[in-house]
Amino acid sequence: MYAFILALHSLIRWFVLASLLFTLYRAYAGWLGNKAYSKFDDRVRIITATIAHIQLTVGLWLYFISPIANYFISHFKEAVHERQIRFFGMEHITMMLIGITLITIASAKAKRKTTDQEKFKTMAIWLTIALLVILSSIPWSFSPLISRPLFRPF
Ligand code: HEM
């Protein structure tokens with residue numbers, strides 16, 4: 001079960017990133033190009049927030065079954081000084097919760113804005129910050145600090 005959820009969580013990361021990049025492209029194109037906010041844009045907004053929330057759910061599930069997170073919780077005093085353990089036990093979850101909260105705020109605020117330009121602008125700004133937070137907290141395979149595979153087989 002653990003191996004499956006870990007692989008699923010690793011895979012969904014690509015959907016989170018792809019949906020964020022596509023929504024950002026639509027938001028900047030709409031904002032800077034003075035375009036009309038279409039039904040398609042609204043659907044894209046909802047789908048992006050939903051994918052982030054699915055990743056949140058899978059991440060929480062993973063947190064409760066992960067041996068790394070369990071070790072972090074049960075041996076907090078020692079574990080907090082071990083970089084790999086601290087990253088997954090504390091830093092990754094904190095930063096990702098912030099990133100997903102920013103996506104939720106982007107979506108909720110854009111929905112309430114009355115003009116098309118305000119909707120695009122709100123999405124563009126909040127989602128840019130969310131993307132940076134999320135990118136900075138993914139354990140990239142090329143990271144010298146915490147490294148995990150780009151694709152984990154099921
Ligand atoms: C946009 C949000 C997130 C992204 C893109 C993301 C991405 C990742 C990636 C790429 C890994 C490495 C997977 C592997 O080893 O193959 C990982 C591990 C992990 N993530 Fe996330 N994550 C996100 C949110 C969360 C959240 C919200 C939580 C907890 C509530 C969480 C908990 C974990 C845990 C516990 C691990 C390590 C498990 C282990 O190795 O035992 N993640 N995450």
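# Exercises on a predicted helical model

Isoleucine 134 is found in helix α6, which covers residues 116–136. The model is a predicted one, and the exercises below start from this residue before turning to the chain, the helix pairs and the ligand shell.

**Exercise 1.** Determine whether isoleucine 134 is buried or exposed, and state which residues it touches beyond its sequence neighbours.

*Solution.* Begin with the count of surrounding atoms: isoleucine 134 has 22 other C-beta atoms within 10 Å. The cut-off for a buried residue is 20 or more such atoms, and isoleucine 134 is therefore buried. Next, set aside the neighbours within four places in sequence, which leaves isoleucine 134 in contact with Val16, Met96 and Gly99. Finally, consider a separation along the chain beside one in space: isoleucine 134 and isoleucine 100 are 34 residues apart in sequence, while their C-alpha atoms are 8.3 Å apart.

**Exercise 2.** Carry out the burial assignment for lysine 121, and give the distance between its C-alpha atom and that of serine 141.

*Solution.* Lysine 121 also lies in helix α6. Lysine 121 has 18 other C-beta atoms within 10 Å, so this residue is classed as partly exposed. As for the distance, lysine 121 and serine 141 are 20 residues apart along the chain, and their C-alpha atoms are separated by 33 Å.

**Exercise 3.** Describe the protein chain as a whole by its secondary structure, its extent, its burial and its contacts.

*Solution.* Start with the secondary structure: the protein chain has six helices and zero strands, and reading along the sequence gives the pattern α-α-α-α-α-α. For the extent, the C-alpha trace spans about 55 × 30 × 25 Å along its principal axes. Turning to burial, 25% of the 154 residues in the protein chain are buried. For the contacts, take those between residues at least 6 apart in sequence; of these, 66% join residues at least 24 apart.

**Exercise 4.** Work out how helix α2 is oriented relative to α1 and relative to α5, and give the composition of each contact.

*Solution.* The description rests on a general point, namely that two packed helices are described by the angle between their axes and the distance between the axes. For the first pair, α1 (residues 2–32) and α2 (residues 39–65) pack at an angle of about 155°, with their axes 9 Å apart. Angles over 145 degrees count as roughly antiparallel, and α1 and α2 are therefore roughly antiparallel to each other. The residues of this contact between α1 and α2 divide into 18 nonpolar, seven polar and three charged, and the crossing of α1 and α2 is left-handed.

For the second pair, the axes of α2 and α5 come within 10 Å and cross at roughly 155°, so that α2 and α5 are roughly antiparallel to each other. The crossing of α2 and α5 is left-handed. In their contact, residues of α2 including Arg45, Ala52, Leu56 and Gly59 meet residues of α5 including Ile93, Met96, Ile100 and Ile103. By class, the contact of α2 with α5 has nine nonpolar, four polar and one charged residues.

**Exercise 5.** Identify the residues closest to the ligand, the elements that contribute to the shell around it, and the classes of the shell residues.

*Solution.* The ligand is surrounded by 28 residues, of which the closest are Ser10, Gly59, Ser66, Met96 and Arg148. The elements that give two or more residues to this shell are α1, α2, α3 (67–74) and α5 (83–112). By class, the shell residues divide into 18 nonpolar, seven polar and three charged. Met96 links this exercise to earlier ones, being among the contacts of isoleucine 134 and among the α5 residues that meet α2.

Key: Residues are numbered from 1 along each chain as its sequence is written. This is a predicted model: local features need pLDDT of at least 70, side-chain atom pairs count only at pLDDT 80 or more; totals for chains, interfaces and linings use all residues. Axes are lines fitted to C-alpha atoms, for helices over the stretch in contact, and angles run from 0 to 180 degrees between N-to-C directions. Helices (H or I, at least four residues) and strands (E, at least two) are DSSP runs, numbered from the N terminus. Angles under 35 degrees count as roughly parallel, over 145 as roughly antiparallel, 65 to 115 as roughly perpendicular and the rest as oblique. A crossing is left-handed if the near helix is turned anticlockwise from the far one by less than a right angle, and right-handed if clockwise. Ala, Val, Leu, Ile, Met, Phe, Trp, Tyr, Cys and Pro count as nonpolar, Asp, Glu, Lys and Arg as charged, and the others, Gly among them, as polar. A residue is near a molecule or strand if its C-beta atom, placed from the backbone, lies within 6 Å of it. A residue is buried if 20 or more other C-beta atoms lie within 10 Å of its own, exposed if 12 or fewer, and partly exposed in between; C-beta atoms are placed from the backbone. Two residues are in contact if their C-beta atoms, placed from the backbone, lie within 7 Å.
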